[in-house]
Amino acid sequence: MLGADSVWPLWDDAVAVTFDDPAAAPDAAVVSAVDAPVLLGFRPRTPNGRAMLVLGGGGYTALMVGREGVQVARWLTGLGYHAYVLIHRFPNAANGPSASLDDAIEAMRLIRAHENVPVGVVGLSSGGHLAACLAAEYPADWTARSEALRPDLFVIGYAPISTNAKGRTIVADKPALPPVEKQAMYDRLQPDAQLLPSPPPAFIVYAGNDSVVPVENARRLHAAWQQAGGAAELHVFGDAPHGFALDTKDMPVSVWPTLCEAWLRQVGFL
């Protein structure tokens, strides 16, 4: 699937994923529905002894598994990481508000059990929100399907950390996001407010003029990380589109992977 070296169903032997265009190239694949989630593994040519979980975006109603999953995995394998791209379920009537987080937690468990190496996470857009949730307290009123295993390092890009939550929006009178389970998830999962103590190192990258995800999300997350006793590096590019990922060329934001690579070396994860 999508050129992966391994395909692991998350919860049983089934894999049920619907692509927008089944003929699209792996780099451009978009997932429109997930009934049974799956973890795709991409092996490096020269392993560096570490792994990364990759969480793409799509607003929890789709998944940009090509641009923000496969492309990211190829960048990471080029650096020597064993990269795993998660195709997770969406919060909706069929799955409830906890599905995406439960899938990410189970993906972390599977990677750690298989690799037995340090594991980081790279999350973009809604995937960045999901990644940050792995550093936060799991809601006590939810029932976790797997034991939460916090990643050893975080890379988070243009993620709606808490400005979609009721009472914390930046846009005045912002309406609730459909479906109701998605809004319930954002209300309950606010990583900046629920961050656990001493979070691992984090690299945070946003656009200052993002019209979809206000840059206030970056400031909230950065401040929370520091207040919890963690080290976080924040980069805000003045002019960049939402969803800049790895393929936004001819703009200053295109250097963020190079900056991130240098940071990974500085913190000893590369």
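**Exercise 1. Place strand E6 in its sheet.**

Task: work out which strands flank E6, and in which direction each of them runs relative to E6.

Solution. Start with E5 (residues 51-55): four bridges join this strand to E6, and the two run parallel. Strands here are DSSP runs of E with at least two residues, helices are H or I runs of at least four, and both are numbered from the N terminus. Two strands count as paired if DSSP finds at least two bridges between them. For the register, look at Ala-51, which sits opposite His-82 in E6. To get from E5 to E6 the chain passes through helix H1 (residues 66-78), and this β-α-β crossover is right-handed. In other words, with the strands pointing away from you, the path from the first strand over the helix to the second goes clockwise.

Now turn to E4 (residues 38-42). Five bridges tie E4 to E6, and this pair is antiparallel. Here Val-38 stands opposite Ile-87 of E6.

A quick note on the ground rules: this is a predicted model, in which local features need pLDDT of at least 70 and side-chain atom pairs count only at pLDDT 80 or more, while totals for chains, interfaces and linings use all residues. Residues are numbered from 1 along each chain as its sequence is written, and side-chain values use heavy atoms, with hydrogens and water left out.

**Exercise 2. Sort the side chains of E6.**

Task: decide which residues of E6 point one way and which the other, and whether they are buried or exposed.

Solution. His-82, Tyr-84 and Leu-86 point one way. Ala-83, Val-85 and Ile-87 point the other way, and both sets are buried. Buried means under 20% relative accessible area, exposed means over 50%, and partly exposed lies in between (1.4 Å probe, protein chains only). That fits the overall count for E6 (residues 82-87): six of its six residues are buried.

**Exercise 3. Follow the nonpolar core.**

Task: find which members of the largest nonpolar core touch the most other members, then trace what Leu-53 and Val-122 contact.

Solution. The core has 88 residues, and Leu-39, Leu-53, Ile-87, Tyr-206 and Trp-256 touch the most other members. A nonpolar core is a set of buried Ala, Val, Leu, Ile, Met, Phe, Trp, Tyr and Cys residues joined through side-chain atoms within 4.5 Å. Helix H2 (residues 99-115) gives the most to this core, with seven residues.

Next, zoom in on Leu-53. Beyond its neighbours within four places in sequence, its contacts include Leu-39, Tyr-84, Leu-86, Met-108 and Val-122. Contact means heavy atoms within 4.5 Å.

Then step over to Val-122, in strand E7 (residues 119-124). Val-122 counts as buried at 2% relative accessibility. Setting aside residues up to four places away in sequence, Val-122 touches Met-52, Leu-53, Val-54, Leu-55, Val-72, Leu-76 and Val-155. Val-122 and Met-52 are 70 residues apart in sequence, yet 6.9 Å apart C-alpha to C-alpha.

**Exercise 4. Check the loop between E8 and H4.**

Task: find the cis peptide bond, then say whether Tyr-158 and Asp-173 are buried or exposed.

Solution. The cis bond joins Pro-178 and Pro-179, with omega about -5°. Pro-179 lies in the loop between strand E8 (153-157) and helix H4 (180-188). Tyr-158 belongs to that loop and has a positive phi of about 35° despite not being a glycine. Asp-173 is in the loop between E8 and H4 too, and its phi is positive at about 55°, again without being a glycine. As for exposure, Tyr-158 is buried at 0% relative accessible area, whereas Asp-173 is exposed at 76%.

**Exercise 5. Unpick the contacts of Arg-220.**

Task: work out which polar partners the side chain of Arg-220 has.

Solution. Arg-220 lies in helix H6 (residues 216-227) and is buried at 16% relative accessibility. Its side chain makes a polar contact with the side chain of Ser-162 (2.9 Å). The side chain of Arg-220 also reaches the backbone oxygen of Arg-168 at 3.0 Å. A polar contact is a pair of N or O atoms within 3.5 Å; within protein, one must be able to donate a hydrogen and the other to accept it, and sequence-adjacent residues count only if both atoms are side-chain atoms.
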